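User: Please take a close look at one part of this model and describe how it is built and what surrounds it. A single connected account would be best.

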Amino acid sequence: MKRRILHLITRLPTGGAEQLLASIVRHLDAGRFDSTVCCIQERGELAALIEAAGVPVVCLGHTGKRFSLGTVLAIARLLRERKIDLVHCHLYHANLY
């Protein structure tokens, strides 16, 4: 049975953590893992690279600087809809949410 992983990150510019995330999702065994990347804010430059590898990228579009209950609910909805088994958070804001 494939495990479904949600990789949660703020956005996907060409920074180091973002490039690491892109590498992880492109090299995971597709026979064992089904990945989805979720950006809390905007997509960023690396989203197209990740999608080209067959991994969906979801953007929540959170624009505020404050913690948002709406964003928490959107993440919870995504977890339920995609039947996520594991959440892999990258960077501070993703860990906070």
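Analyst:
**Helix H3 and its surroundings**

Strand S1 (3-9), S2 and strand S3 (57-59) are among the elements that cover the buried residues of H3. Contact here means heavy atoms within 4.5 Å, and buried means under 20% relative accessible area, exposed over 50% and partly exposed in between (1.4 Å probe, protein chains only). Helices (H or I, at least four residues) and strands (E, at least two) are DSSP runs, numbered from the N terminus. The model is predicted: local features need pLDDT of at least 70, side-chain atom pairs count only at pLDDT 80 or more, and totals for chains, interfaces and linings use all residues. Residues are numbered from 1 along each chain as its sequence is written, and side-chain values use heavy atoms, leaving out hydrogens and water.

Helix H3 comprises 13 residues (residues 69-81), which should span 18 Å at 1.5 Å a residue, and its end C-alpha atoms are indeed 18 Å apart. The expected span is 1.5 Å times one less than the number of residues.

The buried residues of H3 are Thr-71, Ala-74, Ile-75 and Leu-78. Viewed down the helix axis, the buried residues of H3 fall within an arc of 100°, so they line one face; the arc is that of the directions from the axis to the C-beta atoms. Leu-69 and Arg-80, on the other side of H3, are exposed.

At the N-terminal end, Ser-68 caps H3, with a side-chain oxygen 3.2 Å from the backbone nitrogen of Gly-70. Just after H3, Lys-83 adopts a positive phi of about 50°.

Conventions:
A polar contact is a pair of N or O atoms within 3.5 Å; within protein, one must be able to donate a hydrogen and the other to accept it, and residues adjacent in sequence count only if both atoms are side-chain atoms.
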